[in-house]
Amino acid sequence: MGSKNFGARVTRFEDVALVSGKGRYVDDIQIAGTLHAAFLRSPHGHARIKSIDTSAALRCEGVHAVLTAADLPERMRKQRMPLLLPNATMSTLRTQHSLAVDEVCYVGQALAIIVADNRYLAEDALAAIEVEYEVLKAVSDVRAALAAGAPRAHADLDSNVVSEFVMNYGDVDAAFASAPHVFREELWQHRGGGMAMETRGVLAQADVTTDSLTLWSSTQTPHIARRMLAEVLDVDVESIRIIAPDVGGGFGPKAIFYPEDAVVAHASRALGRPVKFIEDRREHFLCATQERDQYWNVEIAVDNDGNILGVRGDMLHDTGAFVPWGIIMPYIAGATMPGPYVVPAYRLACTVAFTNKVATTPVRGAGRPQAVFAMERLMDRVARELRLDPAELRRRNYIRPEQMPYSVGLIFRDGKPLIYDSGDYPRGHDAALDLAGYQGFPERQASARALGRFIGIGVASYVEGTGLGPFEGVTVRILPDGKVRVTSGATSQGQGTRTTLAQIVADRVGCRIEDVAVTIGDTAGIASGVGAFASRLAVNAGSSASIAGDHVRVSILKLASRALGLPESEIDLEDGKAIGRGGNRPAISFGELSRAAQGMPGFSLDAGQPVGLEHTAYFAPTQASYCSGTHVAEVEVDVGTGAVKILNYSVAHDCGNVINPMIVDGQVQGGVAHGIGNALLEWMQYDENAQPLTTTFADYLLPMATDVPTCAIAHVETPSPLNPIGVKGAGEGGTIPAAAAIIAAVENALSPFGVRFAETPLMPNRIVQALEEAGAYAQQVA
Ligand code: MCN
């Protein structure tokens, strides 16, 4: 077997359709007779619902149904949405009802659905629903949520605290007691969204003749959605088919199964008509889950050479009003903080609390950007205090490659000990610094300053647990026309999954990559599946593709050996043919072999002959695989306006063996764009009544092409020993250390003024304010 495709810059199959307007998103799917849904949403952060009168809305033109919680079947009305990831430390497992029952707990929570001939009529009729609210005090700031006497995010709960847990190893207090230096930082990362170009969308088509339901959904997790929907509707899971067509970006929030999805499915069943709901952008701001929103109060103990002796502190995580994915973000954050460094002792006390805002669930990075920001800000502080070069300080503290596999001393979110499987952090660090021209930076900085320009450089490193289980499956099947069909529970929201699975399978079975047809994102394609999150599919689905491909290869060889009368060892599989090595190179095509593998009606097969040329493999990793990297940002700050321009951005990234370097470059580049947004722009602002204030792209700024430089990227490959193809994840690493590197670079640029930054996003007004406080403008005038 060759590896013609694995490791090659194969052009993505997906792109021609996507860039020529031929993508097929949920809203592109048109079924005759479809009705359209709109949701009535709470205008209050917190209120009791005293009454809802839908009678006028029901009389509106074109309206087929108006449903509130009271109109739902008993089970749907009474039970909350299933909680996917319970955790023993959680004092309450509060998820949403399908439609609010007697209380709304964030602006945008759905109280009713209207199904009408079209969306315009549905929206018009919303205005006719009369709701009497008793407005309750809302809690907006998570720090205020912990204060004695704070309003409760849910009226029936005694406390806003959802969970308190401690992550620790080593004797951290002893480390601090004897440390020559201790430095403390208080840090804050604000919340933002996934902001996919395509908003959420769902089209449900109930089939009353077969009592089944098909749901097209812009989801990252069709199999999980199917399981949850079956539970909510109380129907046989196999009677539901969920199809994720082209998904226009996901970034995490589309991994969630939303209450609206279940309500639309129910409406279709109740009306016997297809029902479509496409979220609008304002709803996306209000109701799609968000992330970050953590407050860190941490300190680091170091010796005189800057070697880390211990890290400790506490962290407060704002989970919003519900916990659909439990407490995994703060948990992942806590486990990520030690990162690539030898940290002999560690303790982080985490508190998770409710507020009256939309729930936080994973957004690209899932807790890790916050942790890396905290750790790297501490490292920068140590470097400054001990007058060490920040890169040199990091080099002194890296876990060395000969220490791999390295046990950190914690349990990771996969339930397994946090053991880094492979990595060469110093090599990655050096590669990034080389790309960035780090050695020559002081000279560049001095020349710029001579011209009155303020440029700075920042370095940040991270380790990320990727490839999380439990499994993903892949079926490889040779079709009678010789094409190779690949199906999987894997999905794609833009990350090129089809292409990379095809690369792997083409190599394993020995066919042309053009002859591999990949069908993913359809629960009808394979019995079980999990989906795209946690940078997990290269590891899980990639490995399954490789294993299934190998099995099919064995079957092809067996059958070809009979057909050609040659031993298997003398047959090569190439370009979809089995070719004998000797003589006149006799050959038989995969198509012929596939037909032979079906046999002839009524005839017996030879003993041992494979039935069909197909295999399904479910690879289940024993633990996470840990990718890593170093980012170097070079920025220029306009001290007059506080504007930050990113001049150069360099990344060394280790995701093990790279299946497709072009795709990984794209993942890193896209991830960095997201990180730039987090660092400098994206701010989901709420007022003290938990009213969202930034619900358009005029107020909530995303990075534009002009804000994102082309990254210089180096691939450092340390294969993972934990899976047959030696890969680790690549989808989120670009985002994770970006804010840490950029904020460090801004501080470095402004070092003549001694300003310090401890938060993201770092807006121009904050920079100007800090410069003002530091007397920068007075100095300049003088
Ligand atoms: N890859 C590779 N070699 C490796 C590792 C990965 O060639 N050693 C390729 C994979 O085959 C895949 C891509 O890189 O094509 C990402 O793989 P992986 O890291 O396994 O991530 P997943 O496929 O599980 O995708 C999820 C991940 C996450 S969690 C988010 S969020 C995210 C992301 O990927 N959202 C994205 N990438 C995105 N890309 C786009 N365009 N849009 C999103 O919403």
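## Close-up views of a predicted model with a bound ligand

**Figure 1. Overall fold of the chain.** The secondary structure of the chain comprises 21 helices and 29 strands, and the reader should bear in mind that the model shown here and in every following view is predicted. The C-alpha atoms occupy a box of roughly 95 × 75 × 50 Å when this is taken along the principal axes. For 782 residues, a compact globule would be expected to have a radius of gyration near 28 Å, and because the chain has 28 Å, its value agrees with that expectation. Of the 782 residues in the chain, 62% count as buried.

**Figure 2. The shell of residues around the ligand.** The ligand is surrounded by 31 residues, of which Gly250, Gln495, Thr500, Gln667 and Ala730 come nearest. Sorted by class, this shell holds twelve nonpolar, 15 polar and four charged residues. Helix 15 (497-509), helix 16 (537-564) and helix 18 (661-681) each supply at least two residues of the shell, and helix 18 gives the most, with three residues.

**Figure 3. Backbone atoms facing the ligand.** A polar backbone atom of alanine 730 is 2.5 Å from an oxygen atom of the ligand. A backbone N or O atom of leucine 537 lies 2.9 Å from a ligand oxygen atom, while for cysteine 655 a backbone N or O atom lies 2.9 Å from a nitrogen atom of the ligand. On its own the ligand has 840 Å² of accessible area, and the protein covers 95% of this.

**Figure 4. Cysteines without disulfide partners.** A search of the whole structure finds zero disulfides. Cysteine 287 is accordingly in no disulfide, and the nearest cysteine sulfur, which belongs to cysteine 105, is 14 Å away. Cysteine 287 is nevertheless buried, with a relative accessible area of 3%. For cysteine 627, the closest cysteine sulfur is that of cysteine 655, but the two sulfurs are 7.1 Å apart and therefore too far for a bond. Cysteine 627 has 0% relative accessibility and so counts as buried. Cysteine 655 also appears in the preceding view, where one of its backbone N or O atoms lies 2.9 Å from a ligand nitrogen atom.

**Figure 5. Helix 10 and its covered residues.** Helix 10, which spans residues 328-336, is mostly covered, with nine of its nine residues buried. The buried residues of this helix are Ile328, Met329, Pro330, Tyr331, Ile332, Ala333, Gly334, Ala335 and Thr336.

**Figure 6. Serine 720 and its contact with aspartate 421.** Serine 720 is found in the loop between strand 28 (712-715) and helix 19 (738-749). Although it belongs to a loop, serine 720 is buried, because its relative accessible area of 4% falls under the 20% limit. The side chains of serine 720 and aspartate 421 are joined by a polar contact of 2.6 Å.

**Figure 7. Glycine 525 in the loop before helix 16.** Glycine 525 lies in the loop between strand 21 (516-520) and helix 16, a helix that also supplies at least two residues of the shell around the ligand. At 26% relative accessibility, glycine 525 counts as partly exposed, because this value lies between the 20% and 50% limits. The C-alpha atom of glycine 525 is separated by 42 Å from that of glycine 45, a residue 480 positions away along the chain.

Methods. Residues numbered from 1 in each chain as written. Predicted model: local features only at pLDDT ≥ 70, side-chain atom pairs only at ≥ 80, totals over all residues. Heavy atoms only, no water. Near = heavy atom within 4 Å. Polar contact = N/O pair within 3.5 Å; in protein donor to acceptor, adjacent residues only side chain to side chain. Areas by Shrake-Rupley, 256 points an atom, 1.4 Å probe, with all protein chains shown as cover. Helix = DSSP H or I, 4+ residues; strand = E, 2+ residues; numbered from the N terminus. Nonpolar A, V, L, I, M, F, W, Y, C, P; charged D, E, K, R; others polar. Disulfide = S-S within 2.5 Å. Buried < 20%, exposed > 50% of the residue type's maximum accessible area, 1.4 Å probe, protein only. Rg over C-alpha atoms; globule rule 2.2 N^0.38 Å.
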